[in-house]
Amino acid sequence: MIQMSLEMFAGIVGSDGHLEKGQAVIRVISKDLSFLEQIVVPLIEDLSGIKAQPKPAISGFGKRKFVIAFTSQTLWKTLQERFCIPKGKKSDSIIKPELKSPKEKVDFLLGWFAGDGSVTTDRGKPKLEIWSKSEGILEWFKEVLQESGIESRIFTAKKVGKFLLRIRKREHVKLFHDK
């Protein structure tokens, strides 16, 4: 069982969340209602004491999503100061957090992966991927993975202005799973 933490929550907000500019509102958006109910809601309650509930939201593309929005001045400030998550639009401007311990770094990465990662197979082999508009955050994730003995590569999708971090070798996928 994964031990949930502030670092994991910060990774989730960094990938699938939003910090309002003018007020201390934190949002987490996902298509996966069970992820929000089983992971995000308990994390919010543990970290802030707030019993948040996901609500339906329609995205601009007509896809059904769910959103959790709650107010916590302390958590809102911590996400900005300790984890470098900017207020407002963040996809192009997010930078690596200044985390010290390997556990904090891995927990942040696991949270980010929970929000934006994918597990697929290619010709019967598993692969793990994270897409981002920020090459810098993916470079940092690659360093964190290397510190844990996990090999990854970064690819550029120039036409869509995104970057892809991929873990492909079976033994490295297993190492990531065991984290």
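So, the sheet: in this predicted model, four strands make an open sheet, ordered β5-β6-β8-β7, and the pairing is antiparallel. As we all know, strands of a sheet pair through backbone hydrogen bonds, in either a parallel or an antiparallel way.

Which strands stand at the edges? Those are β5, residues 117-122, and β7, residues 153-157. Each has a single partner strand, so one side of each is left without a neighbour in the sheet. If you turn the model to look across the strands, the twist averages 30° from one strand to the next.

Let's stay with β5 for a moment. Its pairing with β6, residues 125-132, is antiparallel and runs over 6 bridges. If you'd like a residue to click on, try Thr120, which stands opposite Lys127 in β6.

Now for the helices around these strands. Helix α4, residues 102-116, packs on the sheet and touches β5 and β6; the direction of α4 makes about 95° with that of β6. Then there is helix α5, residues 135-147, which lies across β6, β7 and β8. Against β8, residues 162-167, helix α5 runs at about 15°.

Last stop, a helix pair. Helix α1, residues 6-16, packs with helix α3, residues 73-81, at an angle of about 75°, and their axes are 11 Å apart. Angles of 65 to 115 degrees count as roughly perpendicular, and α1 and α3 are therefore roughly perpendicular to each other.

And which residues meet there? From α1 we have Leu6, Phe9, Ala10 and Val13, and from α3 Leu75, Thr78 and Leu79. By class, that contact has 6 nonpolar residues, 1 polar and no charged ones. Thanks, everyone!

Conventions: Residues are numbered from 1 along each chain as its sequence is written. This is a predicted model: local features need pLDDT of at least 70, side-chain atom pairs count only at pLDDT 80 or more; totals for chains, interfaces and linings use all residues. Side-chain values use heavy atoms; hydrogens and water are left out. Axes are lines fitted to C-alpha atoms, for helices over the stretch in contact, and angles run from 0 to 180 degrees between N-to-C directions. Helices (H or I, at least four residues) and strands (E, at least two) are DSSP runs, numbered from the N terminus. Angles under 35 degrees count as roughly parallel, over 145 as roughly antiparallel, 65 to 115 as roughly perpendicular and the rest as oblique. Contact means heavy atoms within 4.5 Å. Ala, Val, Leu, Ile, Met, Phe, Trp, Tyr, Cys and Pro count as nonpolar, Asp, Glu, Lys and Arg as charged, and the others, Gly among them, as polar. Two strands pair if DSSP finds at least two bridges between them.
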